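Colleague: Got a minute to go through this one with me? I'd like to talk about the metal site and the charged side chains.

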Amino acid sequence: MPLFEYRCSACGHESEHLVLRPDERVVCPSCESPRLERLISRPAVSSEEGRRRASRAIRAKNRSTRRDQAEAEAARIRAHDDE
Ligand SMILES: [Zn+2]
């Protein structure tokens, strides 16, 4: 869900908004100012750092999958030796 955190430039109030379109206008629920800055703590995987972090996570996941397969293979060989 495209839920983003914003901080109001006028009064500093922080709020979450569901933004379904990139051009959707959001206003501060406290003072109704449209000058909201999006905080990057939420999904915002559009940033360069977000992409780097996501690809690192994918690589780490692939590494652990390969290790699991190696362990399964080792266990299979050990089981085979017992026969
Ligand atoms: Zn405000």
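Colleague: Which residue does R21 form a salt bridge with at 3.8 Å between the closest N and O atoms?

Modeller: Keep in mind that this is a predicted model. A pair counts as a salt bridge when a side-chain nitrogen of Lys or Arg lies within 4 Å of a carboxyl oxygen of Asp or Glu. At 3.8 Å between the closest N and O atoms, the partner of R21 is E24.

Colleague: And which residues do the shared partners join into one network?

Modeller: Besides the bridge from R21 to E24, there is one between D23 and R21, with the closest N and O atoms 3.3 Å apart. Salt bridges that share partners make one network of R21, D23 and E24.

Colleague: Is D23 buried or exposed?

Modeller: The cut-off for exposed is over 50% relative accessible area. D23 has 57%, so the label is exposed.

Colleague: What about R21, then: why does that residue count as partly exposed?

Modeller: Partly exposed covers the range between the buried limit of 20% and the exposed limit of 50%. R21 falls in that range because its relative accessible area is 49%.

Colleague: Moving along the chain, which residue meets R7 in a salt bridge?

Modeller: R7 itself is partly exposed, at 34% relative accessible area. The partner is partly exposed too, with 42% relative accessibility. Their side chains meet at 3.1 Å, N to O, and the partner's name is E14.

Colleague: Now the metal. Which residues coordinate the zinc ion?

Modeller: Along the chain, the donors follow the spacing C-x2-C-x16-C-x2-C. Each binds through its SG atom, at 2.3 to 2.4 Å, and the residues are C8, C11, C28 and C31.

Colleague: What is the geometry of the zinc site?

Modeller: Ideal angles for four tetrahedral donors are 109.5 degrees. Four donors count as tetrahedral if all angles lie between 85 and 135 degrees. The angles among the four donor atoms here are 105 to 117 degrees, so the site is tetrahedral.

Colleague: Last one: is C28 buried or exposed?

Modeller: For contrast, take C31, which counts as partly exposed at 36% relative accessibility. Buried means under 20% relative accessible area. With 1% relative accessibility, C28 is buried.

Key
Residues numbered from 1 in each chain as written. Predicted model: local features only at pLDDT ≥ 70, side-chain atom pairs only at ≥ 80, totals over all residues. Heavy atoms only, no water. Donors = N, O, S within 2.8 Å, 3.2 Å for Na, K, Ca; no water. Tetrahedral: all angles 85-135°; square planar, octahedral: opposite > 155°, others 65-115°. Buried < 20%, exposed > 50% of the residue type's maximum accessible area, 1.4 Å probe, protein only.
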